[in-house]
Amino acid sequence: AASLFWKRSLKMLRPTGKQYVVTRPLYSEDAFADEHAKVRRQRKTTRHHVKDYFTWNSKRVKNAALSLLPIVGWMRIYRLKEWLLSDIVSGVSTGLVAVLQGLAYALLASLPAWYGLFTAFFPVIVYLFLGTSRHISVGAFPVLSLMVSAVVTRMVPDEGSLFNITGFQGLSIEEQRVMVAASVTFLMGLMQLAMGLLQIGFIVMYLSDTLVSGFTTAAAVHILVSQLKFVLGLEVRGLSGPLSIIYTLQKIFVQIEKTNMCDLATSLVIMVVVFLVKELNDRYKAKLPVPIPVEVIMTVIACGISYAFDFKEKFKVDVIIGHTAVEAFPMAIVGFAVAFSVAKVYAVKHDYTIDGNQELIAFGASNIFGAAFKSFAASTALSRSAVQESTGGKTQIAGLISALIVMVVTLAIGFLLEPLPKSVLGAVVIVNLKGMLMQVCDVPYLWRRDRPDCVVWLVTCLASILLGLDLGLAVGLGAELITVVFRTQFPRCSVLANITGTDIYKDRKDYVSIYEPEGVKIFRIPSPIFFANIDFFRGKLVGFNPLRVLRKRNKAMRTIRKLLEKGELQISGPIEECEHYSNMEDLDKPIDFKDLPLRVNWNSDLPANIQVPRVDVHSLILDFSAVSFLDISALKGLKAIKEFIWVEVEVYIVACDAHILEKLHSCMFFDEDIKSSMFFLTLHDAMLHQNGLVCGCLAGRHSAIFKHIWRCEEAGGYTVSHKSDYTPHSFVNI
């Protein structure tokens with residue numbers, strides 16, 4: 001068998017076709033280290049890192065300044081003739097959309113509509129200087145607006161007692177709500193700024209695309225329900241907290257007969273027209289130089305009709321003029337996560353880089369600055385950013401132009417929007433929810449492709465709908481972390497076999513043309529090994545408990561010794577000592593039987609009906625190529641491989657990372673049983689090594705070595721015959 005393995009392994013040495021030739025020594029980790037000297041690297045201590053961090057020179061100051069002011073970098077390469085006109089067109093288009101979304105999302109945040117225009121202006125100015133993305137449009141984002149609304153309605157409800165806050169004295173309900181929104185936005189900005197300065201922008205990586213998708217879908221449902229009161233023209237007070245969406249729907253259906261038909265008709269017309277035109281924009285976007293600004297057109301028409309027919313007086317249509325730290329943290333995370341995700345898409349598309357930590361600083365400063373002027377939480381809206389990019393925007397000059405458009409509307413022509421019905425803004429918001437609501441179509445795909453991800457999506461979405469966005473986000477994050485734990489705690493382990501004629505090893509269940517030497521088991525560990533999964537791996541290794549086998553063997557050896565002492569078992573031939581491991585009289589350790597002149601083949605029938613579990617594996621190879629780290633619990637658990645050695649199973653560990661190997665040495669992992677010589681560079685090196693040992697055994701002393709004990713009726717016991725070429729490495733069949 002070993003000879004066949006060598007022949008099959010050497011087939012790849014034929015230099016024909018697209019094959020390659022490899023001739024090198026067989027390497028264990030020790031042999032490779034002896035032959036190839038390593039570079040001695042000076043590893044920096046924590047003290048050196050701290051010292052370097054606080055050591056400044058002119059070059060570092062310059063780089064820090066450029067990093068904190070990304071505008072300097074892209075302004076130096078700004079192509080005035082090629083980019084300016086595109087930025088102006090993009091800025092005007094984005095500005096018109098920003099005006100409408102600002103008004104609509106302010107209502108969504110339970111604030112007077114005009115404060116949405118502040119959010120579309122002040123944060124944009126700061127982001128222009130500090131942001132690294134050239135294409136996202138900064139301003140109100142519906143999910144954040146809804147999260148602001150939850151805080152605002154909790155602290156300043158439409159009905160009931162208010163929070164006892166000194167700053168509320170003498171203020172109207174609207175002014176109190178603006179103060180709460182500005183406060184939570186200020187705290188949100190502080191948290192984002194602190195995270196950016198502390199370089200912990202990586203925290204957003206814990207929000208997977210699946211979690212964000214489920215969360216934003218739930219937010220879209222909340223937004224849809226919150227806009228129904230405007231579309232139907234009903235008076236429904238804002239609610240927050242768990243099951244608030246159920247209570248809101250209950251209040252809406254109780255008053256459904258009071259629906260304002262003018263509001264409903266206006267909303268339906270707006271939604272149908274805007275939806276159809278948006279579909280045309282998507283279908284013919286390659287032919288249209290600029291998407292049709294249907295929201296702006298319909299808003300102007302609605303304003304004109306409302307003014308001409310005096311909707312406010314004739315139809316009683318409502319028009320647009322007339323303790324937050326816990327909530328601030330999820331808002332800071334969600335706002336940054338969404339903005340960073342959108343920015344990353346456009347950065348890849350237009351071939352430039354963005355800095356997550358700098359983005360945190362930019363949004364933190366933008367929200368702090370905006371809160372000072374009574375704007376509410378800012379991030380980026382997907383639809384508005386798409387307008388800025390698709391209309392030819394090249395840099396944040398387009399953002400500056402959009403901010404100027406908002407300023408003009410705020411200061412000069414805002415009075416023209418006075419007769420605009422709130423139902424129009426509600427209809428615009430609902431139509432723009434299409435993208436987020438359609439994410440529910442991802443569920444069947446996720447179920448087919450990755451069920452744990454599907455579970456995360458469903459748990460996040462349902463929890464966010466029923467418990468509220470803040471608690472729902474926490475539940476979704478918990479579900480995501482649980483799936484990560486389960487993936488690492490119970491990974492898909494596999495037993496490998498050699499692909500015939502190659503040095504490649506694959507799962508033996510997946511291929512037909514494989515070669516698996518008898519008695520060799522190759523076990524692949526596909527994840528880090530740590531306290532939570534070390535017992536799982538030990539249970540999966542070879543399908544038997546080596547400690548139980550060892551106990552049975554020790555008991556059997558004690559029984560055999562007693563038989564020898566009583567004369568019931570007789571040995572013929574010269575007596576030689578056998579090698580053993582320990583002097584400890586403990587069934588969990590190899591017992592020293594130096595006084596016994598034999599070694600037993602444990603896979604044979606034993607005398608006196610002694611039963612010992614058979615072990616069909618003589619070599620166990622652990623593939624560590626996918627193991628990225630070990631913790632102390634894993635090191636202690638891995639020490640159990642000596643139990644396999646005690647039951648005469650050779651253990652090899654292959655493809656171990658250099659840092660893990662260093663850790664094993666530093667943690668005193670090796671002893672008289674577990675030696676560094678069992679570590680090999682590659683799986684094939686270990687296979688060739690153990691097959692070489694088998695070849696040597698078959699060609700030499702093991703070719704005719706087995707002593708046999710047979711029953712001797714006349715002696716009333718057992719007799720051992722002895723071969724002249726017997727060595728201490730021989731085995732005894734009993």
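Helices (H or I, at least four residues) and strands (E, at least two) are DSSP runs, numbered from the N terminus. The model shown is predicted, so local features need pLDDT of at least 70 and side-chain atom pairs count only at pLDDT 80 or more, while totals for chains, interfaces and linings use all residues. Residues are numbered from 1 along each chain as its sequence is written, and side-chain values use heavy atoms, with hydrogens and water left out.

**The loop at Glu-672, between H29 and S9.** Glu-672 sits in the loop that joins helix H29 to strand S9 (679–680). Is Glu-672 buried or exposed? Glu-672 is exposed because its relative accessible area is 59% (exposed means over 50%, buried under 20% and partly exposed in between, with a 1.4 Å probe and protein chains only). Lys-642 is 30 residues away from Glu-672 in sequence. In space, their C-alpha atoms are 9.6 Å apart.

**Ala-655, in the loop before H29.** Ala-655 lies between strand S8 (650–654) and helix H29 (658–666). Its phi is positive, about 55 degrees, although Ala-655 is not a glycine. Most residues other than glycine have a negative phi. Ala-655 has a relative accessible area of 26%, so it counts as partly exposed.

**Lys-374 and Ser-375, in the loop between H17 and S2.** Helix H17 covers residues 356–372, and strand S2 covers 379–380. Both Lys-374 and Ser-375 belong to the loop between these elements. Lys-374 is not a glycine, yet its phi is positive, about 65 degrees. Lys-374 is partly exposed because its relative accessible area is 48%. Ser-375 is at 1% relative accessibility and therefore counts as buried. Which backbone oxygen does the side chain of Ser-375 reach? That of Gly-370, at 2.9 Å. Leaving out residues up to four places away in sequence, Ser-375 touches Tyr-115, Phe-118, Thr-119, Pro-123, Ala-182, Thr-185 and Gly-370 (contact means heavy atoms within 4.5 Å).

**Asn-357, a residue of H17.** Asn-357 is part of helix H17. Asn-357 counts as buried because its relative accessibility is 15%. With residues up to four places away in sequence set aside, Asn-357 touches Met-195, Gly-196, Gln-199, Ile-200 and Gly-201.

**H18 and the glycine that follows it.** Helix H18 runs over residues 382–390. Which residues of H18 are buried? They are Arg-384, Ser-385, Val-387, Gln-388 and Glu-389. After H18 comes Gly-392, with a positive phi near 100 degrees.

**Helix H20, mostly covered.** How many of the 10 residues of H20 are buried? In this helix (residues 422–431), 10 of 10 are. They are Lys-422, Ser-423, Val-424, Leu-425, Gly-426, Ala-427, Val-428, Val-429, Ile-430 and Val-431. Several helices help to cover them: H6 (80–108), H11, H13 (261–283), H14 (294–309) and H21 (434–437) are included.

**H9 packed with H11.** Two packed helices are described by the angle between their axes and the distance between the axes. Helix H9 (residues 142–155) meets helix H11 (residues 209–232) at an angle of about 65 degrees. The two axes are 9 Å apart (axes are lines fitted to C-alpha atoms, for helices over the stretch in contact, and angles run from 0 to 180 degrees between N-to-C directions). From H9, the contact uses Pro-142, Val-143, Leu-146 and Met-147. From H11, it uses Phe-215, Thr-216, Ala-219, His-222, Ile-223 and Ser-226. By class, the contact has 7 nonpolar, 3 polar and no charged residues (Ala, Val, Leu, Ile, Met, Phe, Trp, Tyr, Cys and Pro count as nonpolar, Asp, Glu, Lys and Arg as charged, and the others, Gly among them, as polar).

**Two spans from the UniProt record.** The unreviewed UniProt entry places the feature "transmembrane region" at several spans, including 137–156 and 329–348 (such annotations may be inferred rather than shown by experiment). Residues 137–156 are 70% helix and 10% strand, with end C-alpha atoms 30 Å apart. Residues 329–348 are 100% helix and 0% strand. Their end C-alpha atoms lie 28 Å apart.

**Val-443 in H22.** Val-443 belongs to helix H22 (residues 442–449). Val-443 is at 17% relative accessibility, so it counts as buried. Beyond its neighbours within four places in sequence, Val-443 is in contact with Cys-454, Trp-457 and Leu-458. Cys-454 is 11 residues from Val-443 in sequence. From C-alpha to C-alpha, these two are 6.3 Å apart.

Notes:
A polar contact is a pair of N or O atoms within 3.5 Å; within protein, one must be able to donate a hydrogen and the other to accept it, and residues adjacent in sequence count only if both atoms are side-chain atoms.
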